[in-house]
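Dear colleague,

I am handing over the structure that we talked about, and below it I have written down what was found. Please keep it open while you read.

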Amino acid sequence: MKRRQFLIQSSLAAMTAIASHQLPSQSTPIYKQYKSYKSWKSNNIFLQGINAPVFEEVEITNFKISGNIPKELEGMYVRNGPNPMFKPESYSYPIEGDGMLHGVYFNKGEVSYKNRWIQTSGLAYEMFEGQQLTELKFKNYANTNIISHGNKLLALYEIGLPYEVNKNLETIGEWDFNHELEQAMTAHPKIDPNTGELHFYRYSFFNTPYLHYYVADRNHNIIRELAIDIPQPTMIHDMAITENYIIFFNCPLVFSMTNARNNSIPFVWQEEEGTTIILVDRHNFAKKPIYLKTDAFWTWHFLNSFETNNQIFIDFIAYPKIQAENNWETMLTHKSNLRRLTINLQTHGMEFEDLDDRFVELPAINQNYLGKNYQFGYTSYYDIELSSRKRIPNLSPSLVQYDLVKKTNKIHQFKPGCYGGEAAFIPSTKGQSELDGYVVTFVYNENTNTSDFVIIDPKNFESDPIATVHLPVRVPGGFHGNWIANL
């Protein structure tokens, strides 16, 4: 078999498988270039401005810091996102782009930053050739999320196995749970804050049953597995968890082999199929899942879900539909909002409620409240008018803090010309309430073409950050990150 034919088959096979320290302000950061690669520019709007890739792997210390770094912050915040190493002939955002990790480290009052590409097998082939290989268009990019479970850091993607990295962001290799996981793991598992169990799933485009749900213990042993029947191979990007249920929204974004063969986005929207809510008893796999049909809608992400009084409350980011085209006009129509679905567990009646009408995405919570009755959530607000004027997508000039009990919200506004990404909540080590901790994110400054790492007090959300780490480099817009206290 010729090598290029092997690469094509390998690519398709993968698809079957996402108190404080007073720190002095420093004007000259200590900047160490680790590796540098050939730069390029693109006319694709998703590869420009805040979204343009960077071409250096660096290590930086001795930052300029505004404000005071909380003394209790000991650990690392690391975020994943797409950063193509080689110029692509075509680019389908958000499912393409080699994964790059950006880490901010806090160690006894010292702060450092580093970034690294995730050395996937697909990227290794392309580095050998010195160019993008079109037959690897649907490879495992490992670019969507990064989690810590047990003693492992796992970079995740929509298809393919997780890639394990160490705390220095060096790639170790694919991780298959001691040969217990076949084919793939998606990018949005849930870690039960009480048991430490990892709940995750995979979906297949070719083999039935198309959906499989797994549970792994703290020691990375898969202890439960359930095949779930769905009628067609669909993309299911996220899941939700409550005390007794795992929840899937099976939206009608259906895999298309024709599109895949044409090197296009391999999905079609089939609105007539509607959306199916799937409730799985997470403690009794012998019970048949509950399937509830409703009108078609799409979701990328859940904020949280919980049970009370024989009802399930599911908060998520809702889109009327999703279009597979990857262009400016399509981007302007992809407006979403925060919505709540309430399900009566006795009658299976469903009620939808819009919690906000703003275009928001990338929801986050205090993870200690995952699957529990909670009050506060966070999203990025996307300004369509601003993006339209600048013709640059993904411009988020503010974060939103929602009080889901009082049904109010507060805004943390970034400075003019500054745009944030997904927020993450770092719980306080001495925390007693849901707001005890810190909200953090990367913020890009288009005036300086550099990025900051900001630390926000959730109890004074509208105020200026309590600390800002000024990076002398740009961190491109990305997807998901997490705080890792111990590794």
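Please bear in mind that this is a predicted model. A good place to begin is the salt bridge in which the side chains of D98 and K139 meet, at 2.8 Å from N to O. This pair links distant parts of the chain, since D98 sits in the loop between strand 6 (75-82) and strand 7 (99-107), while K139 sits in the loop between helix 2 (121-129) and strand 9 (145-149), 41 residues apart. D98 counts as buried because its relative accessibility is 4%, under the 20% cut-off, and K139 is buried as well, at 5%.

The structure holds 14 salt bridges, and another of them joins D192 to R282, with the closest N and O atoms 2.5 Å apart. D192 lies in the loop between strand 13 and strand 14 (198-203) and R282 in the loop between strand 21 (275-281) and strand 22 (290-294), so this pair ties together parts that are 90 residues apart in sequence.

Now to the annotated positions: the unreviewed UniProt entry places a "binding site" at H188, H237, H301 and H480. Although these are spread over 293 residues of sequence, they cluster in space, with a largest C-alpha distance of 12.8 Å. From this set, H188, H301 and H480 belong to the lining of the largest pocket. The side chain of H188 makes a polar contact with that of H301 (3.4 Å), and the side chain of H237 is joined to that of E158 by a polar contact of 2.6 Å.

Best wishes

Methods:
Residues numbered from 1 in each chain as written. Predicted model: local features only at pLDDT ≥ 70, side-chain atom pairs only at ≥ 80, totals over all residues. Heavy atoms only, no water. UniProt positions renumbered as here; feature names shortened; annotations may be inferred. 1 Å grid on protein atoms, 1.4 Å probe; cavity = no way out; pocket = protein on both sides within 12 Å on 5 of 7 lines; lining within 4 Å. Polar contact = N/O pair within 3.5 Å; in protein donor to acceptor, adjacent residues only side chain to side chain. Salt bridge = Lys/Arg side-chain N within 4 Å of Asp/Glu carboxyl O. Helix = DSSP H or I, 4+ residues; strand = E, 2+ residues; numbered from the N terminus. Buried < 20%, exposed > 50% of the residue type's maximum accessible area, 1.4 Å probe, protein only.
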